[in-house]
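Grab a pencil and work through these exercises with the structure open beside you. Try each task before you read its solution.

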Amino acid sequence: MVAFGKKLKGRQIQEWQGYYINYKLMKKKVNQYSNQIEAGALDRRHVLKDFSQMLDNQIEKIVLFMLEQQGLLASRIAQLNEQQNYLQEQPDISKISELRESYREVGRDLLKLLFFVEINAIGLRKILKKFDKRFGYRFTDNYVKTRANHPYSQLQQVFKHVGLGAVVGAISRNLADLQDRQGSYLSIYDQPTLPLQDPVVDSIRSAVDRLTHSTNFLNFLGQHALIMQEELPTPAEEHDDDQRYHFMSLLLNLANTFLYMVNTYIVVPTADDYSMSLGAAATVCGIVIGAMAVAQIFSSVYFSAWSNKSYFKPLIFSSIILFVGNIMYALAYDLNSISILLIGRLCCGLGSARAVNRRYISDCVPLKIRMQASAGFVSASALGMACGPALAGLLQTNFKIYKVTFNQNTLPGWVMALAWLIYLMWLWISFREPARETEVNHVQQESNGVENDKLEKGLAQPLLLTSTENEKDDEADQECDGSEESPEESRRPANSLASAYRLLTPSVKVQLLIYFMLKYAMEILLSESSVITTYYFGWTTSRVSIFLACLGLTVLPVNIVVGSYISNMFEDRQILLVSEIVVLLGILFSFHIIIPYSVPQYVCSGLVMFVSAEVLEGVNLSLLSRVMSSRLSRGTYNGGLLSTEAGTLARVIADGTITLAGFLGDNKLLNITLLPSLVICIGSIVATCCTYNTLY
């Protein structure tokens, strides 16, 4: 950000000041180059040579100091190892405790060194980006390519930190050996899954996780929630304040997420039958399903704003209005009113508290478990999506109680109303409103967006997950004038959707377009499934429910495969482009061109489209979480809200398309609704290709 130089200076370890990257000097040098080139005093080749040499000198300074500190830490560990060997022969409980504390002290010094490496890596990446932005070069690509793969690369020392990994391993192993094993002679290598209960090791592990971009399932899944971590935490910030965290409150937020997704998809298998029973066309199911999404466009905004002041009250309101909405949905059958049905679904959409659920995790969950909570948020959504249709398939009965009908059409409403009533009572008893922080502390603890810059792509093991794409185009203009924003101004969140949109870079806009496309295609597939399968294959509600539930159950396994394996073998932007192409193939194969239209064609094409869209969504949101501006990770109009609005708008348009296409007849519904999906998908592929090199 604009204030990074000040932030860097304020967080330096005083005795190491002369060994940090001289970010301020290099920024001034970039400005001088710009002025001299404009005046004709320098040619570009001289600029590239001079700037490369300056970077080499800065990196060499950092690396030599880092190696010196590693040597000191290794020497201290060797001395402690000698003491440990002596104590094994002559055990002394008091001296063992002192030895453990000595290892912890080395661990705390290691944390300082890890933080030193992290700050310098962020500064290096930012100055490279600034240079490329100012001069329009691809200097970063060339610099990293030539330095990273050289046998004497000093750049690799910064980003691979093999020596630091060895020190981390030595401290962890020796602390584990000193820990009470209750007679066990196994080491950490014999039991790699055995957790080491030591706060110093936990802190070291967190620091290493920030330094090493390890694409595992948990991180990959957690990034889908667009809940990002702090860009440049200090060592003191590693010890999170747990006073605001309450496990039961977090569980209630995840339960709200799960129930809402169940509520959204439980009506999909029966919406066409319900519409027909009220005298409407089967394709009105598009409006019935989409009414919830229409209301969610507005509810996401006011719930996001409400969460600035409270979490408990909006959750209470959400539960009440969802209870009322489901009651109206169920009673519409006996009242024979399609209007009551639609109003009930609108009420359900007005109760969408996903913005509150996401905000609670961002604000109130400690940093050390925030990624797990984020993964829980995504998992709850996925499970709800699968459970909704499956539950609808089980509600195949028909009876009356006091003239109130309970059948496959109304039972989804009654069941969800009961579920929300139980949830409301649980919420009232168990939820604990977290204490509100002062504005200053609140700004410090809000999470920033993260990026994965090109600097990492030239390396065998990418480094940071924690630097933001928040140097906007106006930064260059401000620096040309020699002006600097204050830290408060540079961190000010967007105050409207329009201002939030203006903060989006072209690559972020492309990724939101991709998100819109995949949500549109998925909504078309899911919402019209009941009508299409009834028309072509004569499927019952139970069969439709099983089909939709099976699709929903693929979400977590697909993310496990992508997050644990595929993302480690290919760049995210490569997976992104391939996934878009496979979605396109799934859409093409879904068209009714061959007569007769067969079950294998529909099921296979739907499965290909849905699974590839899930892969695409995971990679796209993972990328989006890295390049989103830090100003869009805070406040009402944040990145999570923008992505939610884009996805919800896609669902609204898709459901509206189904209803409009229904006027042309069920025989034309499939091809007409797939045509917009095809066009949007082709457009997103073209946009991706045009911005391929800028998608990190």
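**Exercise 1: a pair within one helix**

F303 is buried, with 0% relative accessible area. Keep in mind that this is a predicted model.

Task: Find out how the rings of F303 and W306 are arranged, and where the two residues lie.

Solution:
- Step 1. Look up the place: F303 and W306 both sit in helix 12 (residues 285-306). They are 3 residues apart, about one turn of the helix.
- Step 2. Check the rings: the centres are 6.1 Å apart, and the planes make an angle of 20 degrees. Centres within 6.5 Å make a pair, and planes under 30 degrees apart count as stacked, so F303 and W306 form a stacked aromatic pair.
- Step 3. Look at the partner: W306 has a relative accessible area of 29%, which makes this residue partly exposed.

**Exercise 2: a pair across the sequence**

Task: Work out which parts of the chain the aromatic pair of Y19 and F65 ties together.

Solution:
- Step 1. Start with the total: the structure holds 33 aromatic pairs. One of them is Y19 with F65, a stacked pair at 4.0 Å centre to centre with 15 degrees between the planes.
- Step 2. Place both residues: Y19 is in the loop between helix 1 (4-10) and helix 2 (23-39), while F65 belongs to helix 3 (residues 44-89). The pair therefore ties together parts that are 46 residues apart in sequence.
- Step 3. Compare with the surface: Y19 is partly exposed at 35% relative accessibility, whereas F65 is buried at 3%.

**Exercise 3: a glutamine in helix 3**

Task: Is Q58 buried or exposed, and which residues does Q58 touch?

Solution:
- Step 1. Q58 lies in helix 3. Its relative accessible area is 10%, and buried means under 20%, so Q58 is buried.
- Step 2. Leaving aside residues up to four places away in sequence, Q58 touches Y20, I21, N22 and M26.
- Step 3. Zoom in on N22: the side chain of Q58 reaches the backbone nitrogen of N22 at 2.8 Å.

**Exercise 4: helix 24 and its surroundings**

Task: Explain why helix 24 (residues 529-537) is called largely enclosed by the rest of the structure.

Solution:
- Step 1. Count: 7 of the 9 residues of helix 24 are buried, so the helix is largely enclosed.
- Step 2. Name them: the buried ones are S529, S530, V531, I532, T533, Y536 and F537.
- Step 3. Look for rings: Y535, Y536, F537, W539, F547, Y597 and Y602 form one aromatic cluster.
- Step 4. Step off the end: just after helix 24, G538 has a positive phi of about 70 degrees.

**Exercise 5: positive phi without glycine**

Task: Where are N336 and K403 found?

Solution:
- Step 1. N336 isn't a glycine, yet its phi is positive, about 50 degrees. N336 is in the loop between helix 13 (312-335) and helix 14 (338-350).
- Step 2. K403 isn't a glycine either, and its phi is positive at about 65 degrees. K403 is in the loop between strand 1 (399-401) and strand 2 (404-406).
- Step 3. Check the surface: K403 is exposed, with 75% relative accessibility.

**Exercise 6: cysteines**

Task: How many disulfides are there?

Solution:
- Step 1. A disulfide is a covalent bond between the sulfur atoms of two cysteines.
- Step 2. With a cut-off of 2.5 Å between the sulfur atoms, the count is 0 disulfides.
- Step 3. Look at two cysteines: C550 is partly exposed at 45% relative accessibility, and C604 is partly exposed at 42%.

Conventions. Residues numbered from 1 in each chain as written. Predicted model: local features only at pLDDT ≥ 70, side-chain atom pairs only at ≥ 80, totals over all residues. Heavy atoms only, no water. Phe/Tyr/Trp six-rings, centres within 6.5 Å; stacked < 30°, edge-to-face > 60°. Helix = DSSP H or I, 4+ residues; strand = E, 2+ residues; numbered from the N terminus. Buried < 20%, exposed > 50% of the residue type's maximum accessible area, 1.4 Å probe, protein only. Polar contact = N/O pair within 3.5 Å; in protein donor to acceptor, adjacent residues only side chain to side chain. Contact = heavy atoms within 4.5 Å.
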